[in-house]
Amino acid sequence: MRDGQAPEHPVYWPRIKVILDGIMERWKARWGREPYPGIHEYAWDTSQQLAAAVLSGYRAIEPGVPGRETHLVRSLMRGVGNFGKMPLQGPYLPVAEIDEIVAWMDAGMPEGPAEDAKEGG
């Protein structure tokens, strides 16, 4: 997959969870502490929790809004309003992983098989 393009395979929730959990683990390793709830934390146990999440006062994912235009993706790509790119002060997600998140949202946020959690789907 080239940056900015949809992955060639379906993307399911287990892969999205791996991506988001991974960025938070790298954040914790970099900063040597747990994130402050609601400020740095970009981790959800279920796709339903993510679908209902509010980030910096905005819904993370709004029904009917293309994935690339959601608050979640905009915050991961460049930041929104007075809030910088997330997770705050990095490390940040590679564009290819953001593209996977976008593809998953644009496909209707499918749950999919658990074996899809491995790196790269």
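**Figure 1. G32, the residue that follows helix 1.** Right after helix 1 comes G32, and its phi is positive, near 70°. Please keep in mind that this is a predicted model. Helix 1 itself covers residues 13-31, 19 residues in total. From its first C-alpha to its last, helix 1 reaches 27 Å, close to the 27 Å expected at 1.5 Å a residue.

**Figure 2. The whole protein, for orientation.** Here you can find four helices and two strands. If you follow the sequence, the pattern reads α-α-β-β-α-α. The protein has 121 residues, and 38% of them count as buried. About 6600 Å² is exposed, with carbon and sulfur atoms supplying 53% of that area. Take the contacts with a separation of 6 or more: 65% of them are between residues 24 or more positions apart.

**Figure 3. The buried residues of helix 1 and their neighbours.** Buried residues in helix 1 include W13, I16, I19, L20, I23 and W27. Also buried there are P14, R15, G22 and M24. What do these buried residues pack against? Their partners are helix 2 (47-52) and helix 4 (95-106).

**Figure 4. The largest nonpolar core.** This core has 27 residues, and those with the most contacts inside it are W44, L50, L72, I101 and W104. Helix 1, helix 3 (71-77) and helix 4 each supply at least two residues of the core. Which helix gives the largest share? That is helix 1, with seven residues.

**Figure 5. A closer look at W104.** Leaving aside residues up to four places away in sequence, W104 touches V11, Y12, W13 and I16, among others. Its other contacts by the same count are S47, L50, I61, M109 and P110. Two of these names may be familiar: W13 and I16 are among the buried residues of helix 1.

**Figure 6. K17 and D45, a salt bridge between helix 1 and a loop.** Side chains of opposite charge can pair when their charged atoms come close. The count of salt bridges in this model comes to eight. In one of them, the side chains of K17 and D45 meet at 3.8 Å, N to O. K17 lies in helix 1, whereas D45 sits in the loop between helix 1 and helix 2, so the pair ties together parts that are 28 residues apart in sequence. K17 is partly exposed, at 22% relative accessible area, while D45 counts as exposed, at 56%.

**Figure 7. E25 and K28, a salt bridge within helix 1.** The closest N and O atoms of E25 and K28 are 3.2 Å apart. Because they are three residues apart in helix 1, about one helical turn separates E25 and K28. Both are partly exposed: E25 has 48% relative accessibility, and K28 has 21%.

**Figure 8. R26 and E97, a salt bridge between two helices.** In this pair the closest N and O atoms are 3.9 Å apart. R26 belongs to helix 1 and E97 to helix 4, so this bridge links distant parts of the chain, 71 residues apart. R26 is partly exposed, at 38% relative accessibility. Is E97 buried or exposed? E97 counts as buried because its relative accessibility is 16%, and buried means under 20%. Salt bridges with shared partners join R15, R26, E97 and E100 into one network. Setting aside residues up to four places away in sequence, E97 touches R15, I19 and R26.

Methods
Residues numbered from 1 in each chain as written. Predicted model: local features only at pLDDT ≥ 70, side-chain atom pairs only at ≥ 80, totals over all residues. Heavy atoms only, no water. Buried < 20%, exposed > 50% of the residue type's maximum accessible area, 1.4 Å probe, protein only. Contact = heavy atoms within 4.5 Å. Areas by Shrake-Rupley, 256 points an atom, 1.4 Å probe, with all protein chains shown as cover. Expected span 1.5 Å × (residues − 1). Core = buried A, V, L, I, M, F, W, Y, C linked by side-chain atoms within 4.5 Å. Salt bridge = Lys/Arg side-chain N within 4 Å of Asp/Glu carboxyl O.
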